[in-house]
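Subject: Structure handover

Hello,

Here is the structure I promised to pass on. Please open it first, then read my notes below.

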Amino acid sequence: MNIRKSMKAMAVLALALGIHTSTYAQSAKAPKGGKAISEELIGIFFEDISSSADGGLCAELVQNGSFEYSPSERDGWGPGSYWRQLRHGHSTGYIDFRTDKPLNDRNPHYMRIVAENVGHYSDFNGWTGVGIQNEGYDGIPMKAGAKYDFSVFLRTDGAKKVRVAVVGPGNKVVAESEFTANGGWKKYEQTLTASADCESAQLALLLLDQGTMDVDQVSLMPQDTYKGHGLRRDLAEALEALQPKFVRFPGGCIVHGGGDGFWDTYRWKNTIGPKEERVGLKNCWGYHQSFGLGYYEYFQLCEDLGAQPLPILPVGVSCQGAGGSWGLKEQAQKAVPMSEMDEWVDEALDLIEWANGDVTTPWGKKRAEQGHPAPFNLKYLGLGNEEKITPEFEERFKYIYDRVTAKHPEIVIVGTAGPGSHKGNPDFDNGWRFAESINLPILDEHYYEPRDYFYNNQQNYDKYPRDRKTKVYLGEYASKDKKLTDALAEALYLMGVERNGDVVCMTSYAPLFAKKGHLSWNPDLIYFDNHKVVLTCSYYVQQIFGITAGDWYYGDVAKMEEDKLQGTSCVFNSKKNEVYVKVCNASDEVKTATLDLSKFKKLPATAEMTTLKGNMEDENNFDQQPIAPVKKNIDIKKKMTLDVEPHSFSLITVKLK
């Protein structure tokens with residue numbers, strides 16, 4: 001490759017990574033003295049951990065509506081999990097689980113309801129009949145006046161009256177409807193309107209006539225979802241408020257089979273298409289995934305957020321914790337035979353075609369059939385997650401990497417640096433050695449540490465070689481608690497990341513969500529139950545960095561006394577013509593910051609200042625939320641000083657005229 005072609009290739013890669021290269025002149029709007037940095041520095045990482053998907057971001061209210069929960073997934077589980085039998089008005093009958101002549105072969109289990117005799121006397125609900133009742137995910141929440149879409153596939157031996165109802169405590173009926181089912185497998189849909197608020201209801205389905213009714217794919221969805229796309233509105237809006245530039249999904253450890261080997265590896269093709277044909281399975285966190293939130297919904301969410309999708313695919317190597325051994329023992333890692341690796345290559349190539357292909361391509365057609373004829377414009381693809389960098393891993397990763405990049409050089413590949421991937425871990429050096437040997441564009445580092453690590457290592461990326469072709473994606477990190485002091489430590493660390501935005505191109509806090517009573521990991525960015533969303537102190541730090549994405553960094557605009565408990569950062573967004581100055585003071589005393597904004601022309605008279613502050617041990621939880629941003633206007637001058645309050649993190653947004 002000649003020099004001109006090499007420079008052009010580097011420029012194309014730099015454009016894909018959201019950064020500039022020295023081959024381009026500084027933006028006409030950007031003053032001299034700045035350093036070009038990634039515009040995609042802050043994103044989010046979603047993994048179905050701590051019941052983040054089913055019963056969380058996915059708005060579906062019925063649990064195990066497909067009757068596919070397996071006894072192998074949890075002790076005492078089975079197809080009937082979260083369902084119980086109903087017999088009203090002295091009716092007699094029974095329920096049975098069947099697999100003969102199912103709705104489809106991908107989800108063979110269904111429920112048979114047999115009404116031997118339908119009683120002539122209605123009970124306390126005014127009901128009669130034989131049926132089943134579902135408890136949802138910690139109950140089914142209902143809002144007065146809200147509408148809900150009920151659907152079910154039924155097969156009956158003749159015309160049968162059917163009642164569907166949502167029932168609250170004390171057998172109070174919150175919503176109900178009746179319809180007639182007749183004949184072979186058909187989908188029936190009803191709109192239910194809640195007559196009252198109910199925090200914890202259940203869904204009942206009753207056969208009102210003598211005979212047999214087969215039931216599958218029971219669903220109850222609120223009509224009020226995020227942009228009408230089936231996601232819980234308040235949780236998705238919390239993500240929207242972060243203004244993420246990308247979304248990494250679906251994991252995390254669930255990507256490569258987690259702790260149970262290859263049988264539960266996440267296969268994206270099982271998560272698209274009609275929901276009744278998606279194949280659910282247990283994940284490594286010990287519970288079932290229905291895949292009501294699948295790859296189509298992930299890509300749709302990215303589009304709705306205006307964020308780049310970053311899907312992560314397995315590379316034919318399991319987690320080193322496979323078989324339940326989480327001791328990171330090398331011998332626990334499993335690898336598929338090289339003779340079977342083409343299957344895993346196809347997994348990646350077909351995903352690119354599904355995301356970007358024309359509707360005339362086989363996989364592009366499948367995307368269009370689901371409702372999205374336009375391409376999703378996939379730019380990034382992650383291969384692997386935290387696998388130990390063994391010879392087996394390197395051989396299989398390179399096999400996929402070479403074939404994907406040969407066919408799709410436009411796709412930017414993100415690799416993995418291994419578990420606990422920062423200095424001091426042997427895998428760290430192995431990961432970087434391997435990445436550089438194959439010219440990997442981006443390497444994904446992960447580390448969770450006590451707050452002192454983040455306070456003491458703000459210069460971490462200052463030491464990274466500037467001539468490396470491989471950029472850093474800090475894909476998983478967090479201080480190991482959710483106090484204000486942890487959030488301030490993360491803020492100071494992220495200032496160091498901004499300073500090194502020419503080396504680090506992406507970051508994402510992890511994990512993202514956790515449902516109350518279902519914690520697999522702690523801390524998390526957002527906690528929730530069926531009714532409430534709790535935004536942590538760390539959430540607001542992420543939000544401040546997310547809304548202040550820029551393309552130029554200036555190290556001489558804001559200054560404070562050099563100390564691990566205080567720091568500054570200045571980023572310029574040349575597209576918006578805005579300057580973002582951040583100051584953090586984690587000490588117990590007021591500190592002074594000096595600002596020199598004279599290089600920015602046409603300064604306004606005032607700017608908005610957003611501040612997080614409180615006691616260092618404060619945290620937001622279900623009982624109290626003492627920490628939230630406070631905004632005010634301040635006067636702006638070319639050169640000025642600023643008193644920075646103790647235990648605070650502030651953002652000054654300067655909108656140039």
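Start with strand S13, which gives the largest share of the lining of the second largest pocket: five residues. Keep in mind that this is a predicted model.

**The second largest pocket**

S13 spans residues 211–222. Strand S8 (147–156), strand S11 (186–193) and helix H3 also supply at least two lining residues each. The space inside is about 890 Å³. In total, 42 residues line this pocket. Closest to its centre are Glu60, Ser219, Met221, Lys275 and Gly292. By type, the lining divides into 13 nonpolar, 19 polar and 10 charged residues.

**Helix H5**

H3 comes up again here. Helix H5 covers residues 362–369. Its residues Trp363, Gly364 and Arg367 are buried. They sit on the same side of H5, because they cover an arc of only 105 degrees around the axis. The general rule behind this is simple: an α-helix has 3.6 residues a turn, so residues three or four places apart point the same way.

What covers that buried side? Helix H3 (295–305) and helix H4 (341–356) are included in the cover over the buried residues of H5. Pro362 and Glu369 are exposed, and they lie on the face of H5 turned away from the buried side. Just after the helix, look at Gly371: its phi is positive, at about 120 degrees.

**Val404**

Next, go to helix H6, residues 391–407, where you will find Val404. Is Val404 buried or exposed? Val404 counts as buried because its relative accessible area is 0%, and the cut-off for buried is under 20%.

Which residues is Val404 in contact with, leaving aside neighbours within four places in sequence? They are Ala348, Leu349, Ile352, Leu381 and Ile413. Take Leu349 as one of them. Val404 and Leu349 are 55 residues apart along the chain. Their C-alpha atoms are separated by 6.5 Å.

**His446**

Last stop: strand S20, residues 442–449, which holds His446. This residue is buried too, with a relative accessible area of 2%. Its side chain makes a polar contact of 2.6 Å with the side chain of Glu386. A polar contact of 2.9 Å joins the side chains of His446 and Asp444. Asp444 lies in the range of S20 as well.

For a quick tour, view the pocket lining from S13, then the buried side of H5, then Val404 in H6, and finish at His446 in S20.

Best wishes

Definitions and conventions:
Residues numbered from 1 in each chain as written. Predicted model: local features only at pLDDT ≥ 70, side-chain atom pairs only at ≥ 80, totals over all residues. Heavy atoms only, no water. Buried < 20%, exposed > 50% of the residue type's maximum accessible area, 1.4 Å probe, protein only. Helix = DSSP H or I, 4+ residues; strand = E, 2+ residues; numbered from the N terminus. Arc of directions from axis to C-beta. Contact = heavy atoms within 4.5 Å. 1 Å grid on protein atoms, 1.4 Å probe; cavity = no way out; pocket = protein on both sides within 12 Å on 5 of 7 lines; lining within 4 Å. Points joined across faces, edges and corners; volume = space filled by probe spheres on them. Nonpolar A, V, L, I, M, F, W, Y, C, P; charged D, E, K, R; others polar. Polar contact = N/O pair within 3.5 Å; in protein donor to acceptor, adjacent residues only side chain to side chain.
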